[in-house]
Amino acid sequence: YNVLDTDGSGTIDCTEMLNTIDNFLREVYSSTELSESFNQLCSCVVDNDEGDEDGDEIITAKDLANAMNLAGVYMTEEEVVSLLAEVDESGDGTIDFNEFRNTLLML
C-alpha cells in the first residue's frame, strides 16, 4: 500500500495509480507487450451487454470502472468520468490504445 500511496496521504488517487502502472509497464513491457496487455484488458473489461463486435478495443467509462474494481480500486462515478476525461484525447468518451499509451508515456 505504501508503494502506491506516494504522497503519504493515506489514500491512493488516480495519479498515484497511473504512476504505479506506468512504472511497472516501463520496467516490464516492450511496446508489443503493452499492446497485447491493452488488448487483453479490453477483452476482460468490455461490457458484455454492449459487446465489441467490431474489435475496435476501446474502453468506456463503465469498462474503466470495471477494470479499477478488478484491481481493488473502487471509484465513484465522478472519479471514473474525471479519469476518463484526463486520458481521452479525442473527446469521444472512450480510451483507445493510443490514448492509453500516450498517457502512460507522459507520466
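Contact, as the word is used in these exercises, means that heavy atoms lie within 4.5 Å. The model is a predicted one, and the exercises below work through its confidence, its helices, its core and a few individual residues.

**Exercise 1. Establish how confident the prediction is, and where along the chain the confidence is lowest and highest.**

Solution. Begin with the whole protein chain, which averages a pLDDT of 76, with 72% of the residues scoring at least 70. Then turn to the helices: the mean is lowest in α2, at 70, and highest in α4, at 91. As a general caution, where pLDDT is low, the predicted coordinates should not be read in detail.

**Exercise 2. Describe the overall make-up of the protein chain in terms of elements, burial, contacts and surface.**

Solution. The protein chain has five helices and zero strands, and read from the N terminus its elements run α-α-α-α-α. Of its 107 residues, 30% are buried. Among contacts between residues at least 6 apart in sequence, 46% join residues at least 24 apart. Finally, the accessible surface comes to about 6800 Å², and 51% of this surface belongs to carbon and sulfur atoms.

**Exercise 3. Find which residues have the most contacts inside the largest nonpolar core, and which helices supply the core.**

Solution. The largest nonpolar core has 16 residues, and those with the most contacts inside it are Phe38, Ile59, Leu64, Met68, Met75 and Ile95. At least two residues of this core are supplied by each of α1 (14-28), α2 (31-45), α3 (61-70), α4 (77-87) and α5 (97-106). The largest share, four residues, comes from α4. To see one core residue in its surroundings, take isoleucine 95: leaving aside its neighbours within four places in sequence, it is in contact with Phe38, Glu57, Ile58, Ile59, Leu64, Leu84, Val87 and Phe100. In general terms, nonpolar side chains tend to be buried together in soluble globular proteins.

**Exercise 4. Work out how the buried residues are arranged around α4 and around α3.**

Solution. In α4, the buried residues are Val80, Leu83, Leu84 and Val87. These residues lie on the same side of α4 because they cover an arc of only 100 degrees around the axis. On the other side of α4, Glu78, Ala85 and Glu86 are exposed.

The same steps can be taken for α3, where Asp63, Leu64, Ala67 and Met68 are buried. Their arc around the axis is only 135 degrees, so they too fall on the same side of the helix. The general background is that an α-helix has 3.6 residues a turn, so residues three or four places apart point the same way. After α3 comes glycine 72, whose phi is positive, near 85 degrees.

**Exercise 5. Decide whether alanine 67 is buried or exposed, and relate it to cysteine 42.**

Solution. Alanine 67 is found in helix α3. Its relative accessible area is 16%, and because buried means under 20%, alanine 67 counts as buried. Although alanine 67 and cysteine 42 are 25 residues apart in sequence, their C-alpha atoms are 9.1 Å apart in space.

**Exercise 6. Characterise the surroundings of two residues of α5, glutamate 99 and threonine 103.**

Solution. Glutamate 99 has its place in helix α5 and is buried, with a relative accessible area of 3%. Leaving aside its neighbours within four places in sequence, glutamate 99 is in contact with Val87, Asp88, Glu89, Ser90 and Thr94. For one of these residues the detail can be given: the side chain of glutamate 99 reaches the backbone nitrogen of serine 90 at 2.9 Å.

Threonine 103 is also found in helix α5, and this residue is buried, with a relative accessible area of 8%. With its neighbours within four places in sequence again left aside, threonine 103 is in contact with Leu18 and Val87. Threonine 103 and leucine 18 are 85 residues apart in sequence, while their C-alpha atoms are 8.6 Å apart in space.

Methods: Residues numbered from 1 in each chain as written. Predicted model: local features only at pLDDT ≥ 70, side-chain atom pairs only at ≥ 80, totals over all residues. Heavy atoms only, no water. Core = buried A, V, L, I, M, F, W, Y, C linked by side-chain atoms within 4.5 Å. Buried < 20%, exposed > 50% of the residue type's maximum accessible area, 1.4 Å probe, protein only. Polar contact = N/O pair within 3.5 Å; in protein donor to acceptor, adjacent residues only side chain to side chain. Arc of directions from axis to C-beta. Areas by Shrake-Rupley, 256 points an atom, 1.4 Å probe, with all protein chains shown as cover. pLDDT = per-residue confidence, 0-100.
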